[in-house]
Amino acid sequence: MTDTPTRIDMPEVSWTALGAAWMRAQEGRRPDALFSDPVAAQFVDAVGGEAPYIAAGEQALADAGGDVLANPFTAMGDYVAIRTRWLDDLLRAAAADGIRQVVLLAAGLDTRAQRLPWPAGLRLFELDLPGLVAFKERVLRDGGAPPTCDRVTVSCDLRGDWPAALRDAGFDPGRPAVWLAEGLLHYLTPAVNQSMLDGVAGLSAPGSLLAVDHIEAAMMGGNNAETANSTGLAYDQLVKGGPGEHVVTWLERSGWLPTVHEVADCALRYGRPVPPLIDPAVPGSVRDGAVFLLARRNVPSPDSR
Ligand SMILES: C[S@@+](CC[C@H](N)C(=O)[O-])C[C@H]1O[C@@H](n2cnc3c(N)ncnc32)[C@H](O)[C@@H]1O
């Protein structure tokens, strides 16, 4: 962590959630916003403009016109907006299909529990590290919008026995769920990603869905560490490797049937240009290194058991 003074006691990796909230707050200011997330700005305001990520983001806007990829905010903002909307649409569709349990793995400062119009009886579980959950609850208590579903927070570490904590919080493994791992995989080691995936599988009734996005670790750390570290966070320390293999293979090997959704196609569908992060025309972009995936649980047929 930088030496920025703060009253908020969160591990460094949890400050990345504030970066995502800042980007969603920026999106909400656009006349053609893909979604509205007013509480995102409340999280940003609660930490003040000097916090890591926020100060760098404001500077990035002031510097607009520079090298778009040299700046994590201009590089990532469009991507995060499109990802948010794509997952909003996916969750709405899952709820319309009858799914009544949603689990946000590493929910961060996500406000879907407040912003989406959920059907009666829907339970939404938000898992994240205790410091992040405490900060989020404080801001929501001080002025956030009420949830539009049965919202349950679960303070836990995805490196530990989070499935037990989730069950204790009321999750029903006998009913299908839709799971989200958004902006998460590269902050976990391959071993932790695998145990998380095993945990999800162990709690997934037939009909369950898992949605993930994945950006190659090289974009977040590695060769781009200097760019990423300009956020005020030590990304080269935070990025832990992701699944450790191609994300499609990783999901298939664990019994999921993934469908790849190209970010560029999603962008075009929403009337947005291809985000610079993945635009082949932008030197240094990750091209096909960023994907959205929706996976269905591959339940073996009785014949193949
Ligand atoms: C980039 S944020 C993404 C948050 C949210 N999904 C979003 O898209 O806005 C990454 C999140 O992962 C959480 N996280 C990282 N490691 C974790 C762990 N071991 N257990 C639980 N949460 C973790 C952080 O606290 C942070 O909220």
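Biologist: How far does a backbone N or O atom of Ala106 lie from a nitrogen atom of the ligand?

Modeller: The model is predicted: local features need pLDDT of at least 70, side-chain atom pairs count only at pLDDT 80 or more, and totals for chains, interfaces and linings use all residues. Residues are numbered from 1 along each chain as its sequence is written, and side-chain values use heavy atoms, with hydrogens and water left out. A polar contact is a pair of N or O atoms within 3.5 Å (within protein, one must be able to donate a hydrogen and the other to accept it, and residues adjacent in sequence count only if both atoms are side-chain atoms). For a backbone N or O atom of Ala106 and a nitrogen atom of the ligand, the distance is 2.8 Å.

Biologist: Which residue brings an N or O atom of its side chain to 2.7 Å from an oxygen atom of the ligand?

Modeller: Glu182 places a backbone N or O atom 2.9 Å from a nitrogen atom of the ligand. The side-chain contact at 2.7 Å, to an oxygen atom of the ligand, belongs to Ser14.

Biologist: How much of the area that the ligand exposes when taken alone does the protein bury?

Modeller: Accessible areas come from the Shrake-Rupley method with a 1.4 Å probe; for residues, only the protein chains shown count as cover. Alone, the ligand exposes 590 Å², and the share buried by the protein is 96%.

Biologist: Which helix gives the most residues to the shell around the ligand?

Modeller: The ligand is surrounded by 21 residues, and Ser14, Ala106, Asp128, Asp157 and Glu182 are the closest; near means that a heavy atom of the residue lies within 4 Å. By class, the shell has 11 nonpolar, 4 polar and 6 charged residues. Helices (H or I, at least four residues) and strands (E, at least two) are DSSP runs, numbered from the N terminus. The most, 4 residues, come from residues 15–28, helix H1.

Biologist: Is Thr16 buried or exposed?

Modeller: Thr16 sits in helix H1. Buried means under 20% relative accessible area, exposed over 50%, and partly exposed in between (1.4 Å probe, protein chains only). Because its relative accessible area is 13%, Thr16 is buried.

Biologist: What is the sign of phi in Ala106?

Modeller: Ala106 is found in the loop between S1 and H5, and with a relative accessible area of 23% it is partly exposed. Most residues other than glycine have a negative phi. In Ala106, phi is near 60 degrees, and its sign is positive.

Biologist: What is the relative accessible area of Asp110?

Modeller: The loop between S1 and H5 also holds Asp110. Its C-alpha atom is 9.5 Å from that of Arg24, 86 residues apart in sequence. Asp110 counts as buried because its relative accessible area is 4%.

Biologist: Which element gives the largest share of the largest nonpolar core?

Modeller: A nonpolar core is a set of buried Ala, Val, Leu, Ile, Met, Phe, Trp, Tyr and Cys residues joined through side-chain atoms within 4.5 Å. This one has 40 residues, and those touching the most other members are Tyr79, Trp86, Val102, Trp118, Leu124 and Val178. Elements giving two or more residues include H1, strand S1 (101–105) and helix H4 (72–96). The largest share, 11 residues, comes from H4.

Biologist: How far apart are the C-alpha atoms of Gly121 and Asp150?

Modeller: Gly121 lies in the loop between helix H5 (112–115) and strand S2 (123–128). With a relative accessible area of 59%, Gly121 is exposed. Gly121 and Asp150 are 29 residues apart along the chain, and their C-alpha atoms are separated by 7.1 Å.

Note on methods: Nonpolar A, V, L, I, M, F, W, Y, C, P; charged D, E, K, R; others polar.
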